Amino acid sequence: MYATGYHRASSVEEAVKLKGQHDEGRYLSGGMTLIATMKQRLAAPTDLVDLRHIADLHGISVDGRNVRIGAATPHAEVAGSSALRAICPAICDLAGKIGDPHVRHMGTIGGSIANNDPAADYPAAMLGLGATIITDRRWLSADDFFAGLFETALEEGEMVTGVTFEAPEKAGYAKFANPASRYALAGVFVARRADGVRVAVAGAGADGVFRHSGMEEALAASWSPDAVAGAAVDARDMLTDMHANGEYRANLVKVMAKRAVIAAG
Amino acid sequence: MAKVTLTVNGRTVSGECEERTLLVHFIRDKLGLTGTHVGCDTTQCGACVIHMDGKSVKSCSILAVQASGSSVTTIEGLSSQRELHPVQAAFKEHHGLQCGFCTPGMVMTAVDMINRHGGKLDEATVRHELEGNICRCTGYHNIVKAVLSANAEMQAGRQAAE
Ligand SMILES: Cc1cc2nc3c(=O)[nH]c(=O)nc-3n(C[C@H](O)[C@H](O)[C@H](O)COP(=O)(O)OP(=O)(O)OC[C@H]3O[C@@H](n4cnc5c(N)ncnc54)[C@H](O)[C@@H]3O)c2cc1C
């Protein structure tokens, strides 16, 4: 790892200010992506601004069916929240399948969505739930936030402070994990509300996380696992790499969508 | 250089290190506690698992400065007496190790798992939660057996105490 500086922020304002003083600095949340990439010398920030000790960024609040999750809330806390499980078990189950217990103790929702790894799970949940991403300066819909492979709408120095969404009537997530890394080869999040269905796909798309309108329409017309069978998933829109080719991923997307609907009940 | 203060196995320790120093190197090189191992160095294998503020974490992927102010338990601090912790004893009894390199991380992981599930552990959960710990000798079967056996013993101990 290259040499770096370290700053521990105790408030959002302080963190944004510290980040502003270091052009080549980075926010550090759980570090489960950033420290790993720094060790491989794939990232070399001059300074790290640690967000883990900012009390305002922690915790899950549930008010009726409205949920807010602080950016520095670790995956294990989302997985284990009984208040959240009572209204939206799908997101708890999703968080419980990220990496391993040690990664879940450190890794955070804010870090995961800011990173927008195409194979990460939370982006699919945010897009599928139609969540709003809250930053230090504005509110963004998930549709506007995720912008391709490792790309988001975040501006220079902008920090995710939390996410918020209304629990849907039903939701489910199914992922086919890469047997070695456990990241998604294909992961599908489905959510049904009075005004429609959203289907978001992680791991498979050539341009990162995306919504599939064909499956959304099919499930809006008939909420059943078999409904997705008729929807077409174009292999040319899928990622092809050493783990799986486009055709294989296109098929996996449909299988995972089916399983997600079954999980949603 | 940064100053790092930690409570390690109940003892407060301070030391200077570079900001980029990993917690595992601080523990091994500065504190001389070499029970915590570095296996893969890529956040995969779990040989470096310790407990930080009561939770299992991979100490190869945390900077020592990030951990400053927290309380850390390593394999050396698991048992305060001279006898083995029930999880260590179960690994011995069920032959849950061969070369032993992954064992400190396996044991720390098992203790965390048993603490969190409070006795309600089944084989499927143990296998799922061993996801982040890689053993290249034994094939996990005896490790799973050891964790379940230690869990049963610790549960019996808890009930007897109530
Ligand atoms: C072995 C292993 C297995 C994994 N498996 C999975 C998996 O199955 N599924 C999955 O989804 N993920 C997986 N991950 C990734 C894990 O979920 C990470 O924790 C997560 O992607 C990043 O979160 P973090 O809090 O660790 O962020 P960091 O590593 O601290 O930061 C990641 C990036 O986001 C930026 N950042 C962090 N917080 C903010 C913020 N609040 N505002 C703006 N920018 C910010 C940082 O500057 C950095 O660029 C795995 C990781 C490991 C090591």
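Colleague: Which side chain meets that of Lys58(B) in a salt bridge?

Modeller: This is a predicted model, so to speak of local features we need pLDDT of at least 70, side-chain atom pairs count only at pLDDT 80 or more, and totals for chains, interfaces and linings use all residues, while side-chain values use heavy atoms, with hydrogens and water left out. Residues are numbered from 1 along each chain as its sequence is written, with chains lettered from A and ligands numbered from 1 in the order in which they are written. A salt bridge here is a side-chain nitrogen of Lys or Arg within 4 Å of a carboxyl oxygen of Asp or Glu. At 2.6 Å, N to O, the partner of Lys58(B) is Asp100(A).

Colleague: How much area do chain A and chain B bury between them?

Modeller: The size of an interface is often given as the accessible area lost when the parts come together. Buried area is counted that way here, with a 1.4 Å probe and summed over both parts. Carbon and sulfur atoms carry 59% of it, and the total for chain A and chain B is about 2200 Å².

Colleague: Which residues in chain A lose the most area to chain B?

Modeller: Chain A brings 29 residues to the contact and chain B brings 28 residues, where contact means heavy atoms within 4.5 Å. Three residues in chain A together make up 29% of what that side buries, and they are Lys39(A), His102(A) and His105(A).

Colleague: Which element gives the most to the side of chain A that touches chain B?

Modeller: Across this interface the rule finds two salt bridges, plus twelve residue pairs in polar contact, both residues at pLDDT 80 or more. A polar contact is a pair of N or O atoms within 3.5 Å; within protein, one must be able to donate a hydrogen and the other to accept it, and residues adjacent in sequence count only if both atoms are side-chain atoms. Strand E1 (5-8), helix H2 (34-39), strand E3 (47-50) and helix H6 (101-106) of chain A each supply at least two residues of that side, helices (H or I, at least four residues) and strands (E, at least two) being DSSP runs numbered from the N terminus. With six residues, the one that gives the most is H6(A).

Colleague: How far apart do the C-alpha centres of domain 1 and domain 2 of chain B lie?

Modeller: Chain B splits into domain 1 (2-77) and domain 2 (86-161), with bounds from an automatic or database domain assignment. Their C-alpha centres are separated by 22 Å.

Colleague: And which three residues supply 41% of the area that domain 1 of chain B buries against domain 2 of chain B?

Modeller: These two domains of chain B bury about 1100 Å² between them, 61% of it from carbon and sulfur atoms. On the domain 1 side, the three that supply more than any other three residues are His37(B), His51(B) and Ile75(B).

Colleague: How many residue pairs are in polar contact between domain 1 of chain B and domain 2 of chain B?

Modeller: The rule finds zero salt bridges across this interface. Polar contacts do turn up there, and with both residues at pLDDT 80 or more, the count of pairs is six.

Colleague: Why is the ligand site shared between chains, and which chains are they?

Modeller: There are 30 residues around the ligand, counting those with a heavy atom within 4 Å. Tyr27(A), Ser29(A), Gly31(A), Leu34(A) and Thr108(A) come nearest. The site is shared because the residues that surround the ligand come from chains A and B.

Colleague: Which residue has a side chain N or O atom 2.9 Å from an oxygen atom of the ligand?

Modeller: Some of the polar neighbours use their backbone: a polar backbone atom of Met32(A) is 2.8 Å from a ligand oxygen, and a backbone N or O atom of Thr33(A) lies 2.9 Å from one. The residue with a side-chain N or O atom at 2.9 Å from a ligand oxygen is His75(A).
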